[in-house]
Amino acid sequence: MENANNGKIPTVMPRIGDPAPDFEAMTTLGKLRFSDYARGHWVIFFSHPADFTPVCTTEMSGFALEKKFFEERNTKLMGLSIDSIHSHVAWVQNVREKTGVLFDFPIVADLDMSVAKLYGMLQPGESETAAVRAVFFIDPNFTIRLIMYYPLNVGRNMEEIKRALIALQTADQYKCAMPLNWKPGEKAIVPPPKTLDELNERLKSDYEMVDFYLAKCELK
Ligand code: BEZ
């Protein structure tokens, strides 16, 4: 399939703030163009090293079990590994049979590694044939907002994935920033003043303040 990088390893990996690279691929829900699937939604696009492997099975099940959480936050899921569509379908069916959990989001079959390379999911120091455990948070403007990479032998943390999504969406909504270990319900950081007028306003405000540049407010 024709993709933006013609199957070559890109010299620059996608970074936070970059447009999410578009691609067309076979998935467990049929042939999809990423931009069509993503339009109007946040997308969490994640890779796993291989089908029928234990850590990956726990992670994919974790995503599937949080279906309602992601739907409520206008967020679609998309998985990927360097496996065939037949392997994906057999694995999805096996996990459904054994555990009752259905991976009902699309999983990209990326045997030629073109999409994995486009997203920097193939990191040869870790493996030349399997994708690392990457998580891309992509906003409704197709901008990459947060990237996580985990190695082959350490599974991701679903609570942190959920926290990061809520933090990004809350930061956008309230135009604020989130401090260390921020959790929903806690105060957020108000951006520092950029003019002397803003500084004077800040000094009169009822924000919780360490100093004028470190102020927190309730999110209401
Ligand atoms: C796993 O998912 O269990 C796994 C996959 C590749 C390498 C090591 C572990």
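Helix α2, which spans residues 54–65, contributes three residues to the shell around the ligand, and no other element gives more. The model described here is a predicted one. The complete set of residues surrounding the ligand consists of Pro49, Thr53, Pro54, Val55, Cys56, Arg133 and Leu152. Sorted by class, this shell holds five nonpolar residues, one polar residue and one charged residue.

Although the shell has five nonpolar members, polar atoms of the protein also approach the ligand. An N or O atom in the side chain of threonine 53 lies 3.0 Å from an oxygen atom of the ligand. For proline 54, a backbone N or O atom is found 3.3 Å from a ligand oxygen. For valine 55, a polar backbone atom stands 2.7 Å from an oxygen atom of the ligand. On its own, the ligand has 260 Å² of accessible area, of which the protein covers 74%.

The reader may next turn to the strands, beginning with β1 and β2. Strand β1 comprises residues 24–27, and strand β2 comprises residues 30–33. The two pair in the antiparallel sense over four bridges, and they form a hairpin with two residues between them. Within this pairing, methionine 26 stands opposite lysine 31 of β2. The two faces of β1 can be told apart: Ala25 and Thr27 make up the covered face, whereas Glu24 and Met26 make up the uncovered one.

Further along the chain there is an open sheet of three strands, arranged in the order β8-β10-β9 with antiparallel pairing. Strands β8 (188–190) and β9 (208–211) stand at the edges; each has a single partner strand, and therefore one side of each is left without a neighbour in the sheet. Neighbouring strands in this sheet are turned against each other by 30° on average, with direction ignored. Strand β10, residues 214–217, pairs with β9 in the antiparallel sense over three bridges. One of the residues involved is aspartate 211, whose bridge partner in β10 is leucine 214.

A final point of interest is threonine 170, which belongs to helix α6, residues 158–174. Is this threonine 170 buried or exposed? Its relative accessibility is 11%, and threonine 170 therefore counts as buried, since the term applies to values under 20%. The side chain of threonine 170 also reaches the backbone oxygen of isoleucine 166, at a distance of 2.6 Å.

Conventions:
Residues are numbered from 1 along each chain as its sequence is written. This is a predicted model: local features need pLDDT of at least 70, side-chain atom pairs count only at pLDDT 80 or more; totals for chains, interfaces and linings use all residues. Side-chain values use heavy atoms; hydrogens and water are left out. A residue is near a molecule or strand if one of its heavy atoms lies within 4 Å of it. A polar contact is a pair of N or O atoms within 3.5 Å; within protein, one must be able to donate a hydrogen and the other to accept it, and residues adjacent in sequence count only if both atoms are side-chain atoms. Accessible areas come from the Shrake-Rupley method with a 1.4 Å probe; for residues, only the protein chains shown count as cover. Ala, Val, Leu, Ile, Met, Phe, Trp, Tyr, Cys and Pro count as nonpolar, Asp, Glu, Lys and Arg as charged, and the others, Gly among them, as polar. Two strands pair if DSSP finds at least two bridges between them. Axes are lines fitted to C-alpha atoms, for helices over the stretch in contact, and angles run from 0 to 180 degrees between N-to-C directions. Buried means under 20% relative accessible area, exposed over 50%, partly exposed in between (1.4 Å probe, protein chains only).
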